[in-house]
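This report looks at one buried-or-exposed question, one surface patch and one pocket, taken in that order.

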Amino acid sequence: KPDLVLRSRADGSLMPVDFKYSNRPDQLLPNFHNQFVGQAIAHNTNRVMVVSISPVGKTGKAGIVRTVLNISDDIKQEWQAEMRVTHWMILWCDGSDTWPKAAPSACMAYGQPCPYLDLCSAGALRPELIKMRKELRDD
């Protein structure tokens, strides 16, 4: 969900706004980014604003960059088709109890180890670890 949704006074159209904290506020933001396309679809719009905020640097000022992404109808249609495939894959994985790993890119996303890293490396012990975790949560 977006951090904020703006409504145009002129025509009532909506524009989701997402705030991102980054050391590189000028980084390229593709118009096919899953999060932003989903927000555009959910709010029936073709525009999403991303506000990138960088930490205070040597100048003593934080950097703020606002980018409006224009998301075309064909990008939204592609995204919806891809999400149907993803949904089917999740149903298949759940039914077969087979969960492909997104290694190695997902193992250290955002500079932190994935909370399930130990499960991926557990092999045959994985079901027992999952059971133990569930029991701990239920207590």
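## Surroundings of T45

Which residues does T45 touch, not counting residues up to four places away in sequence? T45 touches L14, P16, A40 and K76, where contact means heavy atoms within 4.5 Å. T45 is found in the loop between helix 1 (34–42) and strand 3 (47–54), with helices (H or I, at least four residues) and strands (E, at least two) taken as DSSP runs numbered from the N terminus. With a relative accessible area of 9%, T45 is buried (under 20%, against over 50% for exposed and in between for partly exposed, with a 1.4 Å probe and protein chains only).

## Basis of the model

This is a predicted model, in which local features need pLDDT of at least 70 and side-chain atom pairs count only at pLDDT 80 or more, whereas totals for chains, interfaces and linings use all residues. Residues are numbered from 1 along each chain as its sequence is written, and side-chain values use heavy atoms, with hydrogens and water left out.

## Surface at W92

W92 is found in helix 2 (residues 73–96) and is partly exposed, with a relative accessible area of 44%.

## The largest pocket

Helix 4 (126–138) and helix 3 (117–120) each supply at least two residues of the lining of the largest pocket, and helix 4 gives the most, with 6 residues. A pocket here is an open set of points on a 1 Å grid over the protein atoms alone, where a 1.4 Å probe fits, with protein on both sides within 12 Å along at least five of seven lines, and lining residues have an atom within 4 Å of a point.
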